[in-house]
Amino acid sequence: MTGFEEVVSQQQRKVYSFARYYLGSPEEAEDVTQEVFLKLWSNWRKIDLTSVRPWLLRVTRNACFDRLRQRRSSSRVFLPESDPEMVESSPTQESGPETLAQRAAFRRHVTQALEKLGEPYRSVLILREIQGLRYRDISEALGMPLNTVRVNIHRGRLQLREELAGRYDSVSMA
Amino acid sequence: MSRWPETWSCEEIRLHVEPYLDGELPAATMTRMRSHLGGCPECAAQVHLANEIQNELHALPEFDIPAPVLQRILDQTIRAKEPLPTRVGIWDRWPRPTWAALAAAALALALGLGVINQPTPSSGPEPPDSAALAQATAEARYALAKTGLLTRKAGRVLHDKTLRDQIVMPTSRGLSQALGSTAAQESGVSSEGVDDV
Amino acid sequence: MSRLPILSILVVLCLLPGVAAAQFNTDHPGYFPIEELGIFPEESINLEINLTGPMIKFIALATHEEEPELSQLVEELESIRVRGADVEVIGAEGVRSGIRSAAQKLTENGWTSMVRIRDDDEEVYIYFKEQAGEMMGLTVLSLEGDEAMLINLVGKIDPAGLGSLASGLDLPQLEQAVQSAGEKE
(Lines give C-alpha, C1' and ligand atoms only; values in the text may rest on other atoms or scores of the structure.)
Protein backbone atom coordinates (compact mmCIF):
# COMPACT_ATOMS: atom_id res chain seq x y z
CA MET A 1 0.00 0.00 0.00
CA THR A 2 1.38 3.40 -0.91
CA GLY A 3 1.72 6.29 1.54
CA PHE A 4 -1.32 8.01 0.12
CA GLU A 5 -3.48 4.89 0.27
CA GLU A 6 -2.39 4.36 3.84
CA VAL A 7 -3.42 7.87 4.81
CA VAL A 8 -6.79 7.47 3.07
CA SER A 9 -7.34 4.13 4.76
CA GLN A 10 -6.42 5.48 8.20
CA GLN A 11 -8.25 8.77 8.01
CA GLN A 12 -11.37 8.07 5.93
CA ARG A 13 -13.42 7.10 8.95
CA LYS A 14 -12.72 10.34 10.79
CA VAL A 15 -13.31 12.47 7.69
CA TYR A 16 -16.48 10.72 6.58
CA SER A 17 -17.97 10.47 10.06
CA PHE A 18 -17.34 14.14 10.74
CA ALA A 19 -19.03 15.14 7.49
CA ARG A 20 -21.91 12.80 8.13
CA TYR A 21 -22.68 14.17 11.56
CA TYR A 22 -22.10 17.72 10.45
CA LEU A 23 -24.36 17.58 7.41
CA GLY A 24 -26.81 14.91 8.51
CA SER A 25 -26.69 13.42 5.04
CA PRO A 26 -24.68 10.33 4.06
CA GLU A 27 -24.81 11.36 0.40
CA GLU A 28 -23.40 14.82 0.97
CA ALA A 29 -20.85 13.36 3.36
CA GLU A 30 -19.65 11.06 0.55
CA ASP A 31 -19.23 14.03 -1.77
CA VAL A 32 -17.34 16.02 0.84
CA THR A 33 -15.08 13.07 1.62
CA GLN A 34 -14.28 12.66 -2.06
CA GLU A 35 -13.55 16.39 -2.37
CA VAL A 36 -11.30 16.33 0.66
CA PHE A 37 -9.17 13.42 -0.50
CA LEU A 38 -8.90 14.82 -4.02
CA LYS A 39 -7.63 17.99 -2.40
CA LEU A 40 -5.18 15.97 -0.33
CA TRP A 41 -4.00 14.28 -3.52
CA SER A 42 -3.42 17.53 -5.35
CA ASN A 43 -1.54 18.94 -2.32
CA TRP A 44 0.27 15.73 -1.50
CA ARG A 45 3.76 17.07 -2.08
CA LYS A 46 3.19 20.03 0.23
CA ILE A 47 1.53 18.26 3.16
CA ASP A 48 3.34 17.66 6.44
CA LEU A 49 2.31 14.09 7.10
CA THR A 50 2.86 14.41 10.85
CA SER A 51 -0.17 16.67 11.00
CA VAL A 52 -2.25 15.23 8.19
CA ARG A 53 -5.25 14.51 10.39
CA PRO A 54 -5.69 18.09 11.63
CA TRP A 55 -5.25 19.24 8.01
CA LEU A 56 -7.89 16.82 6.79
CA LEU A 57 -10.34 17.73 9.53
CA ARG A 58 -9.88 21.42 8.90
CA VAL A 59 -10.51 20.99 5.17
CA THR A 60 -13.50 18.75 5.90
CA ARG A 61 -14.98 21.19 8.33
CA ASN A 62 -14.58 24.06 5.86
CA ALA A 63 -16.17 22.03 3.06
CA CYS A 64 -19.09 21.10 5.31
CA PHE A 65 -19.51 24.69 6.47
CA ASP A 66 -19.66 25.86 2.85
CA ARG A 67 -22.35 23.33 2.04
CA LEU A 68 -24.35 24.36 5.03
CA ARG A 69 -24.21 27.99 3.98
CA GLN A 70 -25.41 27.05 0.52
CA ARG A 71 -28.33 25.26 2.05
CA ARG A 72 -29.21 28.29 4.13
CA SER A 73 -29.00 30.66 1.19
CA SER A 74 -31.15 28.40 -0.92
CA SER A 75 -34.89 28.94 -0.96
CA ARG A 76 -35.23 25.17 -0.83
CA VAL A 77 -36.16 23.94 2.61
CA PHE A 78 -33.77 21.29 3.80
CA LEU A 79 -35.10 18.90 6.39
CA PRO A 80 -32.33 16.84 7.91
CA GLU A 81 -33.57 13.30 8.00
CA SER A 82 -32.77 10.96 10.82
CA ASP A 83 -29.84 8.89 9.71
CA PRO A 84 -31.17 5.38 10.35
CA GLU A 85 -27.72 3.92 10.87
CA MET A 86 -27.06 6.37 13.66
CA VAL A 87 -30.35 5.75 15.39
CA GLU A 88 -30.34 1.97 15.12
CA SER A 89 -26.79 1.32 16.19
CA SER A 90 -27.43 2.19 19.82
CA PRO A 91 -25.64 -0.24 22.14
CA THR A 92 -28.26 0.08 24.81
CA GLN A 93 -28.12 -1.94 27.96
CA GLU A 94 -31.75 -1.57 28.85
CA SER A 95 -34.22 -4.21 27.73
CA GLY A 96 -37.81 -3.95 26.65
CA PRO A 97 -39.21 -2.52 23.44
CA GLU A 98 -40.56 0.62 25.16
CA THR A 99 -37.16 1.50 26.59
CA LEU A 100 -35.48 0.74 23.29
CA ALA A 101 -37.94 2.98 21.49
CA GLN A 102 -37.33 5.72 24.03
CA ARG A 103 -33.57 5.40 23.63
CA ALA A 104 -33.89 5.49 19.85
CA ALA A 105 -36.05 8.59 20.07
CA PHE A 106 -33.62 10.27 22.44
CA ARG A 107 -30.73 9.49 20.12
CA ARG A 108 -32.65 10.88 17.18
CA HIS A 109 -33.39 14.07 19.10
CA VAL A 110 -29.79 14.44 20.20
CA THR A 111 -28.50 14.12 16.62
CA GLN A 112 -31.16 16.51 15.34
CA ALA A 113 -30.26 19.01 18.05
CA LEU A 114 -26.61 18.64 17.04
CA GLU A 115 -27.49 19.53 13.45
CA LYS A 116 -29.14 22.71 14.65
CA LEU A 117 -26.05 23.93 16.46
CA GLY A 118 -24.08 26.79 15.00
CA GLU A 119 -20.35 27.02 14.70
CA PRO A 120 -17.97 26.45 16.33
CA TYR A 121 -20.05 24.32 18.68
CA ARG A 122 -21.09 21.77 16.09
CA SER A 123 -17.51 21.08 15.04
CA VAL A 124 -16.06 20.86 18.53
CA LEU A 125 -18.79 18.56 19.80
CA ILE A 126 -18.43 16.18 16.88
CA LEU A 127 -14.67 16.10 17.24
CA ARG A 128 -14.64 15.74 21.01
CA GLU A 129 -17.79 13.98 22.11
CA ILE A 130 -18.37 11.69 19.14
CA GLN A 131 -14.92 11.21 17.65
CA GLY A 132 -12.97 11.40 20.92
CA LEU A 133 -10.22 13.73 19.76
CA ARG A 134 -7.97 15.30 22.37
CA TYR A 135 -8.29 19.00 23.08
CA ARG A 136 -4.85 19.55 21.57
CA ASP A 137 -5.86 17.88 18.29
CA ILE A 138 -9.08 19.86 18.12
CA SER A 139 -7.12 23.04 18.80
CA GLU A 140 -4.80 22.24 15.89
CA ALA A 141 -7.57 21.14 13.54
CA LEU A 142 -9.74 24.19 14.08
CA GLY A 143 -6.99 26.73 14.74
CA MET A 144 -8.50 27.48 18.13
CA PRO A 145 -6.66 28.09 21.45
CA LEU A 146 -6.89 25.17 23.87
CA ASN A 147 -8.94 26.96 26.47
CA THR A 148 -11.34 28.19 23.82
CA VAL A 149 -11.85 24.58 22.74
CA ARG A 150 -12.80 23.66 26.29
CA VAL A 151 -15.17 26.60 26.67
CA ASN A 152 -16.82 25.92 23.31
CA ILE A 153 -17.36 22.26 24.17
CA HIS A 154 -19.15 23.25 27.35
CA ARG A 155 -21.22 25.88 25.59
CA GLY A 156 -22.11 23.46 22.83
CA ARG A 157 -23.33 20.87 25.29
CA LEU A 158 -25.23 23.56 27.15
CA GLN A 159 -27.01 24.53 23.92
CA LEU A 160 -27.88 20.90 23.27
CA ARG A 161 -29.28 20.60 26.76
CA GLU A 162 -31.33 23.77 26.35
CA GLU A 163 -32.65 22.50 23.03
CA LEU A 164 -33.64 19.16 24.52
CA ALA A 165 -34.87 20.43 27.88
CA GLY A 166 -37.93 21.78 26.11
CA ARG A 167 -38.76 18.31 24.79
CA TYR A 168 -37.73 16.25 27.78
CA ASP A 169 -39.21 16.62 31.18
CA SER A 170 -35.81 16.58 32.81
CA VAL A 171 -37.19 15.81 36.25
CA SER A 172 -38.84 12.61 35.06
CA MET A 173 -35.67 11.63 33.21
CA ALA A 174 -33.70 11.61 36.45
CA MET B 1 -13.97 37.07 40.51
CA SER B 2 -16.58 34.28 40.74
CA ARG B 3 -19.14 34.22 43.37
CA TRP B 4 -19.54 31.12 45.49
CA PRO B 5 -22.27 28.73 44.33
CA GLU B 6 -24.41 29.21 47.45
CA THR B 7 -25.08 32.71 46.19
CA TRP B 8 -25.80 31.56 42.67
CA SER B 9 -29.36 31.25 41.49
CA CYS B 10 -30.52 27.94 40.03
CA GLU B 11 -30.18 29.59 36.63
CA GLU B 12 -26.51 30.28 37.23
CA ILE B 13 -25.98 26.79 38.64
CA ARG B 14 -27.42 25.32 35.44
CA LEU B 15 -24.99 27.32 33.33
CA HIS B 16 -22.13 25.50 35.07
CA VAL B 17 -23.47 21.97 34.73
CA GLU B 18 -21.12 20.97 31.89
CA PRO B 19 -17.84 22.00 33.51
CA TYR B 20 -19.16 20.46 36.73
CA LEU B 21 -19.73 17.14 34.97
CA ASP B 22 -16.23 17.32 33.53
CA GLY B 23 -14.76 18.09 36.95
CA GLU B 24 -13.30 21.31 35.68
CA LEU B 25 -14.53 23.70 38.34
CA PRO B 26 -12.34 24.67 41.30
CA ALA B 27 -12.54 22.06 44.09
CA ALA B 28 -14.42 24.27 46.50
CA THR B 29 -16.94 25.17 43.80
CA MET B 30 -17.43 21.50 42.95
CA THR B 31 -18.20 20.76 46.61
CA ARG B 32 -20.70 23.54 46.88
CA MET B 33 -22.41 22.57 43.64
CA ARG B 34 -22.73 19.02 44.88
CA SER B 35 -24.27 20.30 48.02
CA HIS B 36 -26.78 22.45 46.09
CA LEU B 37 -27.72 19.62 43.77
CA GLY B 38 -28.44 17.38 46.73
CA GLY B 39 -31.20 19.71 47.74
CA CYS B 40 -32.54 20.89 44.37
CA PRO B 41 -34.28 18.24 42.23
CA GLU B 42 -34.72 20.62 39.26
CA CYS B 43 -31.00 21.39 39.05
CA ALA B 44 -30.17 17.74 39.68
CA ALA B 45 -32.42 16.79 36.78
CA GLN B 46 -30.51 19.19 34.54
CA VAL B 47 -27.29 17.46 35.53
CA HIS B 48 -28.90 14.12 34.78
CA LEU B 49 -30.05 15.31 31.34
CA ALA B 50 -26.60 16.71 30.59
CA ASN B 51 -25.10 13.37 31.58
CA GLU B 52 -27.54 11.47 29.36
CA ILE B 53 -26.74 13.74 26.43
CA GLN B 54 -23.03 13.22 26.88
CA ASN B 55 -23.44 9.45 27.18
CA GLU B 56 -25.51 9.45 24.01
CA LEU B 57 -22.92 11.47 22.12
CA HIS B 58 -20.18 9.13 23.29
CA ALA B 59 -22.19 6.14 22.13
CA LEU B 60 -22.69 7.46 18.61
CA PRO B 61 -20.76 5.35 16.12
CA GLU B 62 -18.27 6.40 13.51
CA PHE B 63 -18.68 5.18 9.97
CA ASP B 64 -16.46 3.86 7.27
CA ILE B 65 -16.96 5.41 3.89
CA PRO B 66 -18.86 3.08 1.54
CA ALA B 67 -16.50 0.88 -0.44
CA PRO B 68 -17.56 2.17 -3.90
CA VAL B 69 -16.80 5.76 -2.86
CA LEU B 70 -13.43 4.71 -1.51
CA GLN B 71 -12.72 2.88 -4.78
CA ARG B 72 -13.63 6.00 -6.72
CA ILE B 73 -11.26 8.10 -4.64
CA LEU B 74 -8.40 5.69 -5.16
CA ASP B 75 -9.15 5.29 -8.89
CA GLN B 76 -9.01 9.03 -9.33
CA THR B 77 -5.76 9.37 -7.46
CA ILE B 78 -3.18 6.76 -6.64
CA ARG B 79 -4.48 4.01 -8.93
CA ALA B 80 -3.90 6.26 -11.89
CA LYS B 81 -0.27 5.42 -11.07
CA GLU B 82 1.05 8.84 -11.87
CA PRO B 83 0.99 11.73 -9.46
CA LEU B 84 -1.36 14.48 -10.50
CA PRO B 85 0.78 17.26 -11.87
CA THR B 86 0.74 20.51 -10.02
CA ARG B 87 2.42 22.85 -12.40
CA VAL B 88 2.53 21.09 -15.75
CA GLY B 89 5.54 21.86 -17.86
CA ILE B 90 5.63 22.16 -21.63
CA TRP B 91 6.64 18.54 -22.16
CA ASP B 92 3.57 17.35 -20.31
CA ARG B 93 1.20 18.90 -22.80
CA TRP B 94 1.77 16.20 -25.37
CA PRO B 95 3.75 13.01 -25.44
CA ARG B 96 7.17 13.59 -24.00
CA PRO B 97 9.67 13.54 -26.89
CA THR B 98 12.22 10.88 -26.31
CA TRP B 99 15.71 11.03 -27.70
CA ALA B 100 14.42 8.85 -30.50
CA ALA B 101 11.83 11.49 -31.35
CA LEU B 102 14.45 14.18 -31.29
CA ALA B 103 16.60 12.05 -33.52
CA ALA B 104 13.65 11.64 -35.88
CA ALA B 105 13.24 15.41 -35.90
CA ALA B 106 16.88 15.80 -36.74
CA LEU B 107 16.42 13.22 -39.49
CA ALA B 108 13.53 15.21 -40.89
CA LEU B 109 15.68 18.31 -40.82
CA ALA B 110 18.46 16.49 -42.56
CA LEU B 111 16.04 15.32 -45.24
CA GLY B 112 14.71 18.81 -45.61
CA LEU B 113 18.24 20.05 -46.14
CA GLY B 114 18.72 17.31 -48.71
CA VAL B 115 21.57 15.79 -46.75
CA ILE B 116 20.08 12.31 -46.74
CA ASN B 117 17.93 11.15 -49.63
CA GLN B 118 15.59 8.78 -47.80
CA PRO B 119 11.78 8.71 -47.62
CA THR B 120 10.35 9.81 -44.25
CA PRO B 121 8.14 7.39 -42.28
CA SER B 122 4.43 7.86 -42.92
CA SER B 123 2.90 10.47 -40.64
CA GLY B 124 0.29 9.83 -38.00
CA PRO B 125 0.27 10.48 -34.32
CA GLU B 126 2.99 8.70 -32.37
CA PRO B 127 1.48 6.50 -29.67
CA PRO B 128 2.51 7.97 -26.32
CA ASP B 129 4.70 6.00 -23.96
CA SER B 130 2.86 4.20 -21.17
CA ALA B 131 3.89 6.63 -18.45
CA ALA B 132 2.61 9.62 -20.40
CA LEU B 133 -0.62 7.81 -21.20
CA ALA B 134 -1.20 6.86 -17.57
CA GLN B 135 -0.51 10.46 -16.61
CA ALA B 136 -2.97 11.76 -19.18
CA THR B 137 -5.63 9.26 -18.11
CA ALA B 138 -5.23 10.40 -14.51
CA GLU B 139 -5.62 14.00 -15.62
CA ALA B 140 -8.76 13.18 -17.60
CA ARG B 141 -10.25 11.31 -14.67
CA TYR B 142 -9.46 14.19 -12.30
CA ALA B 143 -10.93 16.82 -14.61
CA LEU B 144 -14.12 14.85 -15.16
CA ALA B 145 -14.41 13.99 -11.46
CA LYS B 146 -14.02 17.64 -10.54
CA THR B 147 -16.64 18.64 -13.11
CA GLY B 148 -18.96 15.97 -11.75
CA LEU B 149 -18.48 17.10 -8.16
CA LEU B 150 -19.08 20.76 -9.01
CA THR B 151 -22.25 20.07 -10.97
CA ARG B 152 -23.50 17.71 -8.28
CA LYS B 153 -22.85 20.24 -5.57
CA ALA B 154 -24.36 23.04 -7.59
CA GLY B 155 -27.40 20.94 -8.34
CA ARG B 156 -28.22 20.77 -4.65
CA VAL B 157 -28.67 24.49 -4.33
CA LEU B 158 -30.43 25.13 -7.57
CA HIS B 159 -33.59 27.06 -7.17
CA ASP B 160 -35.03 25.86 -10.42
CA LYS B 161 -36.05 22.28 -9.71
CA THR B 162 -36.80 21.62 -13.36
CA LEU B 163 -33.36 22.64 -14.52
CA ARG B 164 -31.73 20.69 -11.72
CA ASP B 165 -33.66 17.51 -12.33
CA GLN B 166 -33.52 17.64 -16.09
CA ILE B 167 -29.97 18.73 -16.78
CA VAL B 168 -27.65 19.17 -13.86
CA MET B 169 -28.25 16.05 -11.78
CA PRO B 170 -28.32 13.64 -14.74
CA THR B 171 -25.13 15.19 -16.07
CA SER B 172 -23.30 14.97 -12.77
CA ARG B 173 -24.71 11.51 -12.07
CA GLY B 174 -23.61 10.43 -15.50
CA LEU B 175 -20.13 11.82 -15.03
CA SER B 176 -19.71 10.13 -11.69
CA GLN B 177 -21.17 6.88 -13.02
CA ALA B 178 -18.81 6.96 -15.96
CA LEU B 179 -15.97 7.25 -13.51
CA GLY B 180 -16.88 4.06 -11.71
CA SER B 181 -19.61 4.74 -9.17
CA THR B 182 -21.87 2.25 -7.42
CA ALA B 183 -24.10 1.88 -10.46
CA ALA B 184 -21.16 1.10 -12.66
CA GLN B 185 -20.02 -1.52 -10.20
CA GLU B 186 -23.45 -3.07 -10.05
CA SER B 187 -23.45 -3.41 -13.82
CA GLY B 188 -20.30 -5.42 -13.50
CA VAL B 189 -18.04 -2.81 -14.98
CA SER B 190 -14.59 -2.69 -13.51
CA SER B 191 -13.39 0.66 -12.25
CA GLU B 192 -9.77 -0.37 -11.90
CA GLY B 193 -7.15 2.13 -12.88
CA VAL B 194 -5.44 1.78 -16.20
CA ASP B 195 -2.59 -0.66 -16.27
CA ASP B 196 0.45 0.24 -18.23
CA VAL B 197 -0.30 -0.19 -21.90
CA MET C 1 29.99 26.01 -28.84
CA SER C 2 28.21 28.17 -31.39
CA ARG C 3 26.77 25.09 -33.08
CA LEU C 4 24.73 24.03 -30.05
CA PRO C 5 22.31 26.97 -29.99
CA ILE C 6 21.85 26.69 -33.77
CA LEU C 7 21.17 22.97 -33.48
CA SER C 8 18.71 23.61 -30.64
CA ILE C 9 16.84 26.18 -32.71
CA LEU C 10 16.71 23.80 -35.66
CA VAL C 11 15.41 20.99 -33.46
CA VAL C 12 12.70 23.28 -32.09
CA LEU C 13 11.73 24.33 -35.61
CA CYS C 14 11.44 20.68 -36.56
CA LEU C 15 9.12 20.06 -33.66
CA LEU C 16 6.84 22.96 -34.52
CA PRO C 17 4.79 21.00 -37.07
CA GLY C 18 4.26 18.39 -34.37
CA VAL C 19 3.19 21.12 -32.01
CA ALA C 20 0.65 22.41 -34.48
CA ALA C 21 -0.68 18.90 -35.06
CA ALA C 22 -1.17 18.39 -31.32
CA GLN C 23 -3.37 21.50 -31.02
CA PHE C 24 -7.02 21.27 -31.83
CA ASN C 25 -9.67 23.22 -33.65
CA THR C 26 -10.35 26.43 -31.74
CA ASP C 27 -13.31 27.08 -34.01
CA HIS C 28 -15.17 24.20 -32.43
CA PRO C 29 -18.44 25.53 -30.96
CA GLY C 30 -17.68 23.99 -27.59
CA TYR C 31 -14.30 25.68 -27.29
CA PHE C 32 -13.89 28.48 -24.78
CA PRO C 33 -10.46 30.09 -24.29
CA ILE C 34 -10.07 29.64 -20.56
CA GLU C 35 -6.30 30.19 -20.96
CA GLU C 36 -6.76 33.62 -22.48
CA LEU C 37 -9.14 35.12 -19.95
CA GLY C 38 -6.26 36.59 -17.94
CA ILE C 39 -7.90 35.66 -14.65
CA PHE C 40 -4.92 33.72 -13.32
CA PRO C 41 -1.45 35.29 -13.45
CA GLU C 42 1.25 32.77 -14.26
CA GLU C 43 2.68 32.61 -10.78
CA SER C 44 -0.68 31.71 -9.25
CA ILE C 45 -1.41 28.73 -11.49
CA ASN C 46 -1.02 25.46 -9.61
CA LEU C 47 -2.83 23.15 -12.01
CA GLU C 48 -2.82 22.81 -15.78
CA ILE C 49 -4.38 20.02 -17.74
CA ASN C 50 -4.30 20.05 -21.54
CA LEU C 51 -5.57 16.92 -23.20
CA THR C 52 -6.32 17.31 -26.85
CA GLY C 53 -6.79 15.43 -30.09
CA PRO C 54 -4.67 12.31 -30.39
CA MET C 55 -4.01 11.94 -26.66
CA ILE C 56 -7.74 11.90 -25.93
CA LYS C 57 -8.21 9.12 -28.47
CA PHE C 58 -5.39 7.15 -26.89
CA ILE C 59 -7.01 7.53 -23.47
CA ALA C 60 -10.30 6.28 -24.90
CA LEU C 61 -8.52 3.29 -26.46
CA ALA C 62 -6.55 2.49 -23.33
CA THR C 63 -9.62 2.53 -21.06
CA HIS C 64 -11.90 0.79 -23.54
CA GLU C 65 -11.77 -2.64 -21.89
CA GLU C 66 -11.65 -1.80 -18.19
CA GLU C 67 -13.59 1.46 -18.03
CA PRO C 68 -15.96 1.47 -21.00
CA GLU C 69 -18.13 4.29 -19.66
CA LEU C 70 -15.11 6.54 -19.18
CA SER C 71 -13.81 5.46 -22.57
CA GLN C 72 -17.06 6.30 -24.30
CA LEU C 73 -17.31 9.66 -22.56
CA VAL C 74 -13.74 10.60 -23.40
CA GLU C 75 -13.91 9.26 -26.95
CA GLU C 76 -16.47 11.88 -27.96
CA LEU C 77 -14.39 14.73 -26.58
CA GLU C 78 -11.98 16.87 -28.58
CA SER C 79 -10.24 18.33 -25.57
CA ILE C 80 -10.20 18.51 -21.80
CA ARG C 81 -8.54 21.63 -20.42
CA VAL C 82 -8.28 22.78 -16.84
CA ARG C 83 -6.61 25.70 -15.15
CA GLY C 84 -6.41 25.88 -11.37
CA ALA C 85 -5.02 28.62 -9.20
CA ASP C 86 -4.37 29.47 -5.60
CA VAL C 87 -6.73 32.30 -4.71
CA GLU C 88 -4.53 33.51 -1.87
CA VAL C 89 -1.93 34.53 -4.45
CA ILE C 90 -4.37 36.46 -6.63
CA GLY C 91 -6.98 37.65 -4.20
CA ALA C 92 -10.58 36.49 -4.20
CA GLU C 93 -12.00 39.75 -5.52
CA GLY C 94 -9.84 39.63 -8.63
CA VAL C 95 -10.87 36.06 -9.32
CA ARG C 96 -14.50 36.82 -8.66
CA SER C 97 -14.56 39.72 -11.08
CA GLY C 98 -12.66 37.72 -13.70
CA ILE C 99 -15.07 34.83 -13.40
CA ARG C 100 -18.08 37.12 -13.74
CA SER C 101 -16.63 38.70 -16.88
CA ALA C 102 -15.99 35.26 -18.28
CA ALA C 103 -19.57 34.24 -17.53
CA GLN C 104 -20.75 37.33 -19.34
CA LYS C 105 -18.60 36.39 -22.37
CA LEU C 106 -20.05 32.91 -22.37
CA THR C 107 -23.56 34.31 -22.47
CA GLU C 108 -22.61 36.73 -25.25
CA ASN C 109 -21.16 33.85 -27.25
CA GLY C 110 -24.34 31.83 -27.19
CA TRP C 111 -23.60 29.53 -24.25
CA THR C 112 -26.52 28.45 -22.08
CA SER C 113 -26.29 28.80 -18.34
CA MET C 114 -26.86 25.57 -16.46
CA VAL C 115 -26.06 26.78 -12.96
CA ARG C 116 -25.06 30.02 -11.34
CA ILE C 117 -24.16 30.17 -7.67
CA ARG C 118 -23.05 33.26 -5.85
CA ASP C 119 -22.18 33.18 -2.19
CA ASP C 120 -19.82 34.89 0.24
CA ASP C 121 -16.72 33.01 -0.75
CA GLU C 122 -18.04 30.87 -3.55
CA GLU C 123 -19.03 31.47 -7.15
CA VAL C 124 -19.75 28.69 -9.58
CA TYR C 125 -20.95 29.07 -13.16
CA ILE C 126 -21.62 26.09 -15.36
CA TYR C 127 -22.47 26.67 -19.01
CA PHE C 128 -23.08 24.38 -21.94
CA LYS C 129 -22.98 25.00 -25.70
CA GLU C 130 -25.72 23.52 -27.71
CA GLN C 131 -25.67 22.94 -31.42
CA ALA C 132 -28.35 21.17 -33.41
CA GLY C 133 -29.80 19.66 -30.28
CA GLU C 134 -26.49 18.31 -28.97
CA MET C 135 -24.29 19.49 -26.13
CA MET C 136 -21.00 20.38 -27.78
CA GLY C 137 -19.13 21.88 -24.87
CA LEU C 138 -19.21 22.40 -21.12
CA THR C 139 -17.46 25.21 -19.28
CA VAL C 140 -17.12 25.47 -15.52
CA LEU C 141 -15.91 28.63 -13.80
CA SER C 142 -15.47 28.00 -10.11
CA LEU C 143 -14.26 29.87 -7.06
CA GLU C 144 -14.51 27.86 -3.85
CA GLY C 145 -12.72 29.10 -0.78
CA ASP C 146 -9.03 29.25 -1.67
CA GLU C 147 -9.31 27.27 -4.89
CA ALA C 148 -10.25 28.64 -8.28
CA MET C 149 -10.73 26.45 -11.33
CA LEU C 150 -11.64 26.87 -14.98
CA ILE C 151 -12.67 23.80 -16.96
CA ASN C 152 -13.57 23.54 -20.63
CA LEU C 153 -14.70 20.23 -22.11
CA VAL C 154 -14.91 20.40 -25.88
CA GLY C 155 -16.73 17.83 -27.93
CA LYS C 156 -19.94 15.95 -28.00
CA ILE C 157 -21.27 15.47 -24.48
CA ASP C 158 -24.36 13.32 -24.32
CA PRO C 159 -25.95 13.83 -20.88
CA ALA C 160 -28.79 11.44 -21.65
CA GLY C 161 -26.30 8.87 -22.84
CA LEU C 162 -24.18 9.43 -19.75
CA GLY C 163 -27.18 9.00 -17.51
CA SER C 164 -28.41 5.89 -19.24
CA LEU C 165 -25.04 4.19 -19.57
CA ALA C 166 -24.79 2.55 -16.20
CA SER C 167 -28.17 2.89 -14.63
CA GLY C 168 -30.56 2.45 -17.50
CA LEU C 169 -32.20 5.79 -16.89
CA ASP C 170 -34.25 7.14 -19.72
CA LEU C 171 -34.04 10.92 -19.83
CA PRO C 172 -36.17 12.21 -22.67
CA GLN C 173 -36.79 15.41 -20.67
CA LEU C 174 -33.07 16.09 -20.76
CA GLU C 175 -32.85 15.83 -24.51
CA GLN C 176 -35.87 18.08 -24.69
CA ALA C 177 -34.23 20.61 -22.40
CA VAL C 178 -31.11 20.71 -24.56
CA GLN C 179 -33.29 21.02 -27.64
CA SER C 180 -35.30 23.85 -26.10
CA ALA C 181 -32.07 25.69 -25.39
CA GLY C 182 -31.32 25.40 -29.10
CA GLU C 183 -34.75 26.65 -30.12
CA LYS C 184 -34.26 29.85 -28.15
CA GLU C 185 -31.42 30.94 -30.46
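These are my notebook entries on a predicted model with chains A, B and C.

**Ground rules**

I count residues from 1 along each chain as its sequence is written, and chains are lettered from A and ligands numbered from 1 in the order in which they are written. Since the model is predicted, I keep local features to pLDDT of at least 70 and side-chain atom pairs to pLDDT 80 or more, while totals for chains, interfaces and linings use all residues.

**Entry 1: chains B and C in outline**

I started with chain B, which has nine helices and zero strands. Helices here are DSSP runs of H or I with at least four residues, strands are runs of E with at least two, and both are numbered from the N terminus. Of the 197 residues of chain B, 42% count as buried. For me, buried means 20 or more other C-beta atoms within 10 Å of the residue's own, exposed means 12 or fewer, and partly exposed is in between, with C-beta atoms placed from the backbone.

Chain C is mixed: I find seven helices and six strands, in the sequence pattern α-β-α-α-β-α-α-β-β-β-β-α-α. Buried residues make up 43% of its 185 residues.

I also looked at contacts, meaning C-beta atoms, placed from the backbone, within 7 Å. Among those between residues at least 6 apart in sequence, 68% in chain B join residues at least 24 apart. The corresponding share in chain C is 64%.

**Entry 2: the sheet of chain C**

How are the six strands of chain C ordered in the sheet? I read 1-2-6-5-4-3, an open sheet with antiparallel pairing; strands pair if DSSP finds at least two bridges between them. Strand 1 and strand 3 (112-119) stand at the edges with a single partner strand each, so one side of each has no neighbour in the sheet. The twist averages 5° from one strand to the next.

I then went through some of the pairs.
- Strand 1 (residues 45-52) and strand 2 of chain C share seven antiparallel bridges, and Asn50(C) has Arg81(C) in strand 2 as its bridge partner.
- Strand 2 and strand 6 (residues 147-157) of chain C are antiparallel over nine bridges; Leu77(C) stands opposite Gly155(C) in strand 6.
- Strand 3 and strand 4 (residues 122-131) of chain C are antiparallel over seven bridges, with Arg116(C) opposite Tyr125(C) in strand 4.

Strand 2 (residues 77-86) of chain C is mostly covered, as nine of its ten residues are buried.

**Entry 3: helices of chain C**

Helix 2 (residues 53-62) of chain C lies across strand 1 and strand 2, at about 80° to strand 1. Helix 5 (residues 92-108) of chain C lies across strand 3, strand 4, strand 5 (134-144) and strand 6, and runs at about 165° to strand 5. For the angles, axes are lines fitted to C-alpha atoms, for helices over the stretch in contact, and angles run from 0 to 180 degrees between N-to-C directions.

In helix 3 (residues 68-75) of chain C, I find Glu69(C), Leu70(C), Leu73(C) and Val74(C) buried. These buried residues fall within an arc of 125° seen down the helix axis, so they line one face of the helix; the arc is that of the directions from the axis to the C-beta atoms.

**Entry 4: nonpolar cores**

I take a core as buried Ala, Val, Leu, Ile, Met, Phe, Trp, Tyr and Cys residues joined through C-beta atoms within 7 Å. The largest nonpolar core has 58 residues, and Ala140(B), Ala143(B), Ile56(C), Ile59(C), Val74(C), Ile80(C) and Ile126(C) have the most contacts inside it. Helix 7 (residues 130-156) of chain B gives the largest share, ten residues. A second, separate core of 56 residues includes Val59(A), Leu164(A), Leu37(B) and Ile65(B).

I followed up Ile80(C): beyond neighbours within four places in sequence, its contacts are Ala140(B), Ala143(B), Ile49(C), Leu51(C), Ile56(C) and Leu153(C).

**Entry 5: two spots in chain A**

Which peptide bond is cis? The one from Glu119(A) to Pro120(A), with omega near 0°. Pro120(A) sits in the loop between helix 5 (97-116) and helix 6 (121-130) of chain A.

Arg128(A) is in helix 6 of chain A. I checked whether Arg128(A) is buried or exposed: it counts as buried, because 22 other C-beta atoms lie within 10 Å. Leaving aside neighbours within four places in sequence, Arg128(A) is in contact with Leu133(A), Ile138(A) and Ile153(A).

Key: Contact = placed C-beta atoms within 7 Å.
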